Amino acid sequence: MTAITQNKNEKVEIFIDLMNVETSVGRDIVDYNCLVKCLAKGRQITVIRAYDQIKESNPEQKRLHANLKREKVRIIVPRGSCGNSHKQIGVDVQLATDVVTSALRSSCDTILIVSGDGDFIPVIDSVKASGKKIEFAAFSGFANMSLIDETDYFTYLDDLPICKEVEA
């Protein structure tokens, strides 16, 4: 693993697996604006995409999506549905497809995926083959060890001040 450069001219695209993050710490806990700034480390953010499965009856999710859209985050919801609220249909595939497409077509220098899901290990080789750097970030209990070993840089989200203050 290499160190993150502090090059302010470096362009980074950020892809967030919302269900992975929300499963790790709970819904409405993470300050995504702070998360993105902490992960960018002063680099130029060119794209932020968040991937989720729509649950029409979930007001918390609707609020989260609205807040993210206000922060200029593009919400991606793959086609397909599932009655199980703990299972995603097509989210990982859509995220992986968008990452590889971006690696091949974008002028970014680095792609950063916020997820600890081991399903993304094959994506690493494709991104590296395109000449781009690939970084991952996840909470420690949800980080696949192979992912950590293969990526250019890994950030444990537990170490960042990204969780909102919870009122007692």
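How do α4 and α5 lie relative to each other, roughly parallel or roughly perpendicular? In this predicted model, the axes of helix α4 (residues 91-105) and helix α5 (residues 121-129) come within 9 Å and cross at roughly 10°. Angles under 35 degrees count as roughly parallel, and α4 and α5 are therefore roughly parallel to each other. On the α4 side, the residues that make the contact are A96, V99, V100 and A103, and they meet V123, S126 and V127 of α5. By residue type, this contact breaks down into 6 nonpolar, 1 polar and no charged.

Now for the setting of this helix pair. The protein has 6 helices and 6 strands, and read from the N terminus its elements go β-α-α-β-α-β-α-β-α-β-α-β. Of its 168 residues, 46% are buried. Among contacts with a separation of 6 or more, 68% come from residues 24 or more positions apart.

Helix α5 deserves a closer look. Its buried residues are V123, I124 and V127. Looking down the axis of α5, these buried residues fall within an arc of 110°, so they line one face of the helix. P122, D125 and A129 sit on the other side of α5 and are exposed. What do the buried residues of α5 pack against? Their partners are α4, β4 (110-114), β5 and α6. After α5 comes G131, which has a positive phi, near 90°.

Charged side chains come next. How many salt bridges does a search of the whole structure find? The search turns up 4. One of them pairs R43 with E10, at 3.5 Å from N to O. This pair links distant parts of the chain, 33 residues apart: R43 is in the loop between α2 (32-40) and β2 (44-51), while E10 is in the segment before β1 (11-17). Both R43 and E10 are buried.

R43 also forms a salt bridge with E135, and here the closest N and O atoms are 2.7 Å apart. E135 belongs to strand β5 (residues 133-138) and R43 to the loop between α2 and β2, so this pair ties together parts of the chain that are 92 residues apart in sequence. Why does R43 count as buried? Buried means under 20% relative accessible area, and R43 counts as buried because its relative accessibility is 4%. E135 is buried as well, with a relative accessible area of 3%.

A further salt bridge brings the story back to α5: the side chains of K128 and D152 meet at 3.8 Å, N to O. K128 lies in helix α5 and D152 in the loop between α6 (145-150) and β6 (153-156), so the pair ties together parts 24 residues apart in sequence. As for exposure, K128 counts as partly exposed, at 35% relative accessibility, whereas D152 is buried, with a relative accessible area of 16%. Elsewhere, salt bridges with shared partners join E10, R43, K133 and E135 into one network.

Taken together, α5 has a buried face with V123, I124 and V127, meets α4 through V123, S126 and V127, and carries K128, the salt-bridge partner of D152.

Conventions:
Residues numbered from 1 in each chain as written. Predicted model: local features only at pLDDT ≥ 70, side-chain atom pairs only at ≥ 80, totals over all residues. Heavy atoms only, no water. Axes fitted to C-alpha atoms, helices over the stretch in contact; angles between N-to-C directions. Helix = DSSP H or I, 4+ residues; strand = E, 2+ residues; numbered from the N terminus. Parallel < 35°, antiparallel > 145°, perpendicular 65-115°, else oblique. Contact = heavy atoms within 4.5 Å. Nonpolar A, V, L, I, M, F, W, Y, C, P; charged D, E, K, R; others polar. Buried < 20%, exposed > 50% of the residue type's maximum accessible area, 1.4 Å probe, protein only. Arc of directions from axis to C-beta.
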